[in-house]
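Got your viewer open? Load the model, switch to cartoon view, and let's walk through it together.

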Amino acid sequence: MTPTPQLPPRGPDDALDQILRQELRWEVPAHLSAQLLALVPGAPLVIEPVRPKSWYSMLVFVLTAIILGLSLAIAWEFYRMIGMDLGLSAVLAQLQAAPAIGLQRLYDALPASRQFISVLASVRDQLHWLLLAVVLWLALDGWQPRRATQRT
């Protein structure tokens, strides 16, 4: 296997070259392209896309949210009625009580497991705080307050 070749160190000229390449990239406005193409006979016709007004977009967004909410409410009521007919509430109550019953049976079979479970619960609580600290740190790590620039 051949090692990857080492790139030469980047100098200040390379940084200037990158900045110039970024600044020299120019997007042509659509209306200017249409005007230039109109000057050429036989050129394809360019149609600019029409954006809807902001109030129209907001109206469609609100109506969509209302329809989605109503659909979810109707589906919830439908499944609740089916669940009552099938006795799903009793099944859910048994599922909610199952962890407590399992722990009680574990405590009865192995009395020393009570201390082990309490240690695991305290470690879990500490890990929750650690996770919260990491998330806050990642969220605020690159945060810089906006400073109002004052021009005189």
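## Whole chain first

Start with everything selected: of the 152 residues in the protein chain, buried ones make up 2%. Keep in mind that this is a predicted model. Now turn on the surface. The protein chain has an accessible surface of about 15300 Å², and 68% of that belongs to carbon and sulfur atoms.

Back to cartoon, and color by secondary structure. You'll get five helices and zero strands, so to speak an α-α-α-α-α run from the N terminus on.

## Helix α3 and its patch

Next, select residues 54-86, which is helix α3. Put a distance between its first and last C-alpha: the 33 residues reach 48 Å, close to the 48 Å expected at 1.5 Å a residue.

Stay here and show side chains for W55, Y56, M58, L59, V60, F61, V62, L63, I66, L70 and I74. Together they make a nonpolar surface patch of about 1100 Å². Click on M58 to confirm its place in helix α3.

Then step just past the end of α3 to G87, where phi is positive, at about 80°.

## On to helix α4

Select residues 88-109 for helix α4. Does the end-to-end distance agree or disagree with the expected span? It agrees, because 22 residues at 1.5 Å a residue should span 32 Å and the end C-alpha atoms of α4 are 31 Å apart.

Last stop: center on A98, where α4 bends by about 35°. Which residue type follows within four residues? A proline, P99.

Methods. Residues are numbered from 1 along each chain as its sequence is written. This is a predicted model: local features need pLDDT of at least 70, side-chain atom pairs count only at pLDDT 80 or more; totals for chains, interfaces and linings use all residues. Side-chain values use heavy atoms; hydrogens and water are left out. Helices (H or I, at least four residues) and strands (E, at least two) are DSSP runs, numbered from the N terminus. Buried means under 20% relative accessible area, exposed over 50%, partly exposed in between (1.4 Å probe, protein chains only). Accessible areas come from the Shrake-Rupley method with a 1.4 Å probe; for residues, only the protein chains shown count as cover. The expected span of a helix is 1.5 Å times one less than its number of residues. The bend at a residue is the angle between axes fitted to the seven residues ending there and the seven starting there. Patches are made of residues with over 30% relative accessible area and no salt bridge: like charges are joined within 9 Å, nonpolar side chains (Val, Leu, Ile, Met, Phe, Trp, Tyr) within 5 Å. A salt bridge is a side-chain nitrogen of Lys or Arg within 4 Å of a carboxyl oxygen of Asp or Glu.
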